[in-house]
Structures are given as C-alpha cells and as structure tokens.
Amino acid sequence: MTYEVIVAGGGPAGAVAALVLARAGRRVLLVDTNAGGSGPAPFRIGETLPPAARPLLHDLGLWPEFAAAPHLRCVGTYASWGSGALHGHSHLHDPQGHGWHLDRTRFDAFLRRAAAAAGAELRRAEAVPHPTHGGDRRVLIRADGRLGEERCDWLVDATGRRAVIGRRQGRRHKQDRLVAVYALFKRRLPGHRTEDTELRTLVEAVPRGWWYTARVPAGRVVAHLTDTDLTDSALRTAEGFLDAIGNTRHVRTRLDGYDPADAPAPRWTSAHGLRLYPAAGPGWIAAGDAALAFDPLSSQGILNALHTGARAGLTVDRCLSGQQGALADYSLFLEQITGAYERHHAETYGQEQRWPGHTFWERRQHAHPPGSKTPKRSARRSRS
C-alpha cells in the first residue's frame, strides 16, 4: 500500500498532523515507538500547557475529553528572576483561564487515539535515517528489530530534535548549549500531614543557570537548566542533585514533605533552542521540535507542537490538493513564530543582571535565543 502521508513521530505535533490529515480523508500512517503500547511509560519532562491552548483544543474537537482527564491546573508562576525575592504572576485575569501541568504520557496517548479514531493507521515502530535525494519518498521503518520500507506521497517529520527526515533535507541551527537535568519526586515522608497543593510553577535563577519545579500528576518535577560545558559532574547522582537543590533559596522549599531517601537518579536531555532551515520542501515538512524547538523557559513547547502540527497537516492537505503557495505560507508561519520567540527570549534573559561575569548569563546578554516562563517586570504584581 502506498500512503498519501507518513507521519514520523507520535508526540503532540505528529499526532495532531495525522489527526488533521485523516479528517481531511487522507491515507495516513502514524509511526511512533509508543503507538499502541501497553503498560506505564517512563516519565517525560515537558509538562506545561499554557492557557492559550484552550481555543486550539476546542477547534480540534479535543476539548471535552482533554478537560475530563486528570491533568493538574497551573494557575500561574512564581519567579526569582532579576532579584532574590519571589514575584508572582497569576492566570486569574487571563481570558483563557488557567493552564495545565500535564501527565505527558497520557496526553500524548490521547492525541494518538484521536488520530486513530479519525482514520489514521498507527504503527508501533520508528523511522530510521537513511540517505535521500530529491523526490525520494521512501521511509525506512524499524519494528521489532526488523527493518522495512514504506512509500508515500508526503512525509511529515515530527521526530523531535532528532529531525530524522528534516536533517537530511536542511540544516539545523542551535541557539545555545542548554541542557536540562531533572528528577521526578513521588513519595511523601510517612506521617507528613501537609499535602503538596502548590499549583504554580516556580522558577529560580542562579549564577550558572536556572531551576524550575512544578507539581505534576505523578509527583513533583525539579529541573536544573545550564549549558552543557558548565554542568557539575555531581549532578549525575541523586545525592549530588539533592545537594544542588539544597543550595537554592526557593526551589528547595517545594520539596518539603518529600522523602529524600526516595530521590531518583537524575536524567538529562537537550534543551537548547533549535531551528531547521528550511523546514519544508517538495514532498516533506517538519513540525514541532523537528522544525522549531524552544528553550523551556518559554513554557510554549507543547503549544508550539500543537500549532505547528495542525498547520503542517493542513499544509500537506493543501499540497495534495494542488494548491500553490502552501509551503510558502507554512514557512512564513514559522518565521513569524521564530521572530516573536527570539524577541521574548532576549527580553526575558536580559532581565537577569545579577551575575554579569558568569559565563551562562554573559552568553545570553549577547545572543538572541528563546522564551518566558518568567513574568516581565511590569507584570510582577502578585506572584510553569
């Protein structure tokens, strides 16, 4: 069978692209290593969905089921950024209401189910990089240790920062060297009477980077963001990670009541901003982090994945219908997102002036990278 579209990657961008294409009546194969999987999946960092996602979920027809899921509300942010004091920003006056701290594995599976219900075929497998040339519409797929090949008219690369397809078609621009080291704390101390009911994200800047912590359905996630060449080797152990948390002023208070003996070994992941140039061409298109990845400070990564996934699906449907200019429109769409993203990133990092001689901050005073998990100073009234 020749598919009209193969979507590689079943995260938010890929699942939504497949959903949009299937609803348009296209023959779609969605390939992901977690598709149709059973049993609990490992915890995934990247949990904040801002209030602006609400109208998009409505437009996609996903709101009722999403609203019924056991995700936690995110009602705002506390930030120690630009000063040692903690400032607050509430979603109380946001016209879209509150945001969410997601159970990411549940959320991603929900989106894949929606794509399947719309008619997309799901396959538990992964797309494999291979040498390509112009006009090549083959996708190598590995499943259960066996390598196969599928053909299609269009490819959607939603494989995240790896950009399995896009990296063969364009060039990737890294904005910096940011990495995240993180851990999920689950077990409370026996007999501890106070529950962890704090629903705001807490962000704290430190001389070599910044920290954040958020309550999620599975417990509390704590993450440290710094540049890969500035990392402390002690952070690779649970003991070292706990010691580093202990040196924070505000983040450590959010772990009151959690059992330090249950501290897991921290995990590491890339967190730098990343842009693919170009992000689309004849027969292929990239969406989500494969096209444009955000610094986690923005809290916009999942929202960006949903938006670019939906727009990529619409763009491919237009191309298959013979509409001229669809790819140019998509490229302009990404340029507009990138422009806003870089301006906000430079503005937000520029608010922190306490450590001008430290390498982490010095680099960001002379660059133009991503986002804003922290509030602007003008908005710091009451404080993902």
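## Overall form

With 384 residues, a compact globule would be expected to have a radius of gyration near 21 Å, and because the protein chain has 21 Å, its value agrees with that expectation. The model described here is a predicted one, and along its principal axes the C-alpha trace of the protein chain spans about 60 × 45 × 45 Å.

The protein chain contains 9 helices and 21 strands. Of its 384 residues, 53% count as buried, while the accessible surface comes to about 16700 Å², with 49% of that area belonging to carbon and sulfur atoms.

## Nonpolar cores

In soluble globular proteins, nonpolar side chains tend to be buried together. In this model the largest nonpolar core has 70 residues, and those with the most contacts inside it are Leu49, Phe66 and Phe107. If neighbours within four places in sequence are left aside, phenylalanine 66 is in contact with Leu49, Leu57, His71, Trp100, Leu102, Phe107 and Phe110, a list in which Leu49 and Phe107 appear again.

A second core, separate from the one just described, is made up of 23 residues and includes Ala180, Tyr212, Ala223 and Leu225.

## The two sides of helix α6

Helix α6 covers residues 238–246, and within it Ala238, Gly240, Phe241, Ala244 and Ile245 are buried. These residues lie on the same side of α6, because they cover an arc of only 165 degrees around the axis. On the other side of the helix, Glu239 and Asp243 are exposed.

What do the buried residues of α6 pack against? Their partners are the strands β13 (178–185), β15 (209–216) and β16 (219–227).

## Histidine 250 in its loop

Histidine 250 is located in the loop between α6 and β17, the latter being residues 267–270. Is histidine 250 buried or exposed? Its relative accessibility is 13%, and since buried means under 20%, histidine 250 counts as buried.

Not counting residues up to four places away in sequence, histidine 250 touches Ser80, Gly84, Ala85, Leu86, Leu202 and Glu204. With glycine 84 there is also a polar pairing to look at, in which a polar atom of the histidine 250 side chain lies 2.8 Å from the backbone oxygen of glycine 84.

## Backbone details in three loops

Aspartate 144 is not a glycine, yet it has a positive phi of about 55 degrees, and it lies in the loop between β10 (138–143) and β11 (146–157). Serine 299, which is not a glycine either, likewise has a positive phi of about 55 degrees, and its place is in the loop between β21 (292–293) and α7 (301–320). As for their surroundings, aspartate 144 counts as exposed because its relative accessibility is 71%, whereas serine 299, at 13% relative accessibility, counts as buried.

A further detail concerns the peptide bond from tyrosine 277 to proline 278, which is cis, with omega near -15 degrees. Proline 278 belongs to the loop between β18 (274–277) and β19 (280–281).

Notes: Residues are numbered from 1 along each chain as its sequence is written. This is a predicted model: local features need pLDDT of at least 70, side-chain atom pairs count only at pLDDT 80 or more; totals for chains, interfaces and linings use all residues. Side-chain values use heavy atoms; hydrogens and water are left out. A nonpolar core is a set of buried Ala, Val, Leu, Ile, Met, Phe, Trp, Tyr and Cys residues joined through side-chain atoms within 4.5 Å. Buried means under 20% relative accessible area, exposed over 50%, partly exposed in between (1.4 Å probe, protein chains only). Contact means heavy atoms within 4.5 Å. Helices (H or I, at least four residues) and strands (E, at least two) are DSSP runs, numbered from the N terminus. The arc is that of the directions from the helix axis to the C-beta atoms. A polar contact is a pair of N or O atoms within 3.5 Å; within protein, one must be able to donate a hydrogen and the other to accept it, and residues adjacent in sequence count only if both atoms are side-chain atoms. The radius of gyration is taken over C-alpha atoms; the globule rule is 2.2 Å times the number of residues to the power 0.38. Accessible areas come from the Shrake-Rupley method with a 1.4 Å probe; for residues, only the protein chains shown count as cover.
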